[in-house]
Amino acid sequence: MTFAHPLLEGVLAIAREAGEAILPFWRAGVDVTTKTDDSPVTAADLAAHHVIVAGLTRLAPHIPILSEEDCNVPLSVREGWTQWWLVDPLDGTKEFISGTEEFTVNIALIGQGDVVFGVVTMPVTGRAWWGGAGLGAWCQAAGDAPEPIETQPAPPAGEPFTVVASRRHSSPQQQALLAGLESAVGPLSLTSIGSSLKFCLVAEGVAHCYPRLAPTSQWDTAAAQGVLEGAGGEVVDTQGKPFRYPVQDSLLNEHFLALPGNAPWRGALLRLCAV
């Protein structure tokens with residue numbers, strides 16, 4: 001069953017509609033505004049935001065929405081939430097501005113700080129991923145039937161271990177981690193890709209690990225974490241604890257590791273993080 005939660009199919013439709021709202025602005029020379037945190041925002045981000053808010057309000061009017069483009073909700077209000085939508089209307093705005101295809105629409109349902117399910121769509125290609133812990137995970141290419149996906153803890157014999165990373169965000173700590181991981185598992189193949197697509201590569205078994213020792217926000221990761229968890233993967237902090245979305249003043253994430261749930265090299269990776 002590809003929609004194991006009653007809200008999933010509706011959310012997928014909303015994410016696709018948001019992607020359609022983005023496409024007229026792609027490679028069209030849109031104006032870029034800089035927000036207070038120095039991150040860029042375009043008319044495409046805002047168009048997708050309005051589509052998603054309207055759609056989710058129709059679908060489940062009782063569930064509040066926390067979107068990157070409307071995130072100034074006081075902590076005193078959010079403390080009363082038991083479930084909420086966590087939304088990035090256009091994840092990978094820098095990729096969008098540069099004209100690449102590597103941007104996504106991210107919508108996650110959060111319950112008590114855990115991801116219930118997530119939906120990720122890629123507007124340019126029409127590709128979509130969805131899933132959640134205990135629900136399974138699927139990928140659907142444009143015009144094709146959905147296909148179940150699952151993580152792969154190790155590459156086939158003779159093939160390199162693939163680590164997915166961002167071409168825009170790294171850190172000396174992350175570079176040291178990669179060097180140590182190569183010593184533990186053998187030669188690494190590094191795949192650079194933007195936005196939440198990094199999680200999706202691990203969920204599909206195309207890549208084996210996504211370490212992130214650089215800043216992210218909650219809306220950057222939640223939807224794709226749902227996909228990965230549905231595919232048998234996990235996201236943990238650098239101590240190996242489950243990665244959650246607590247109601248707190250800051251909406252920034254701690255560092256994390258995204259990997260298959262049964263990875264035999266998990267312990268070695270966590271020891272490297274402790275160095």
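UniProt positions are given here in the numbering used for this structure, and such annotations may be inferred rather than shown by experiment. With that in mind, welcome to this predicted model. Two places make a good start: a set of annotated binding-site residues, and the packing around helix α8.

**The annotated site**
- In an unreviewed entry, UniProt lists E68, L90, D91, G92, T93 and D220 under "binding site".
- These residues span 153 residues in sequence, yet no two of their C-alpha atoms are more than 12.1 Å apart, so they gather at one spot.
- Of these residues, E68 is included in the lining of the second largest pocket.

**A closer look at D91 and G92**
- D91 belongs to strand β4, which covers residues 83-91, while G92 sits in the loop between β4 and α4.
- Since buried means under 20% relative accessible area, D91 at 7% is buried, and G92 at 12% is buried too.
- Beyond its neighbours within four places in sequence, D91 is in contact with E102, F103, T104, N106, S195, S196 and D220.
- The side chains of D91 and N106 are joined by a polar contact of 3.1 Å.
- Leaving out residues up to four places away in sequence, G92 touches E102, F103 and S195.

**Around helices α8 and α5**
- Helix α8 (residues 266-274) has A268, L269, L270 and C273 as its buried residues, and these pack against α5 and β14.
- L181 lies in helix α5 and counts as buried, with 1% relative accessibility.
- Apart from neighbours within four places in sequence, L181 contacts F161, V163, G186, L188, L269 and L272.

Definitions and conventions
Residues numbered from 1 in each chain as written. Predicted model: local features only at pLDDT ≥ 70, side-chain atom pairs only at ≥ 80, totals over all residues. Heavy atoms only, no water. Buried < 20%, exposed > 50% of the residue type's maximum accessible area, 1.4 Å probe, protein only. Helix = DSSP H or I, 4+ residues; strand = E, 2+ residues; numbered from the N terminus. Contact = heavy atoms within 4.5 Å. 1 Å grid on protein atoms, 1.4 Å probe; cavity = no way out; pocket = protein on both sides within 12 Å on 5 of 7 lines; lining within 4 Å. Polar contact = N/O pair within 3.5 Å; in protein donor to acceptor, adjacent residues only side chain to side chain.
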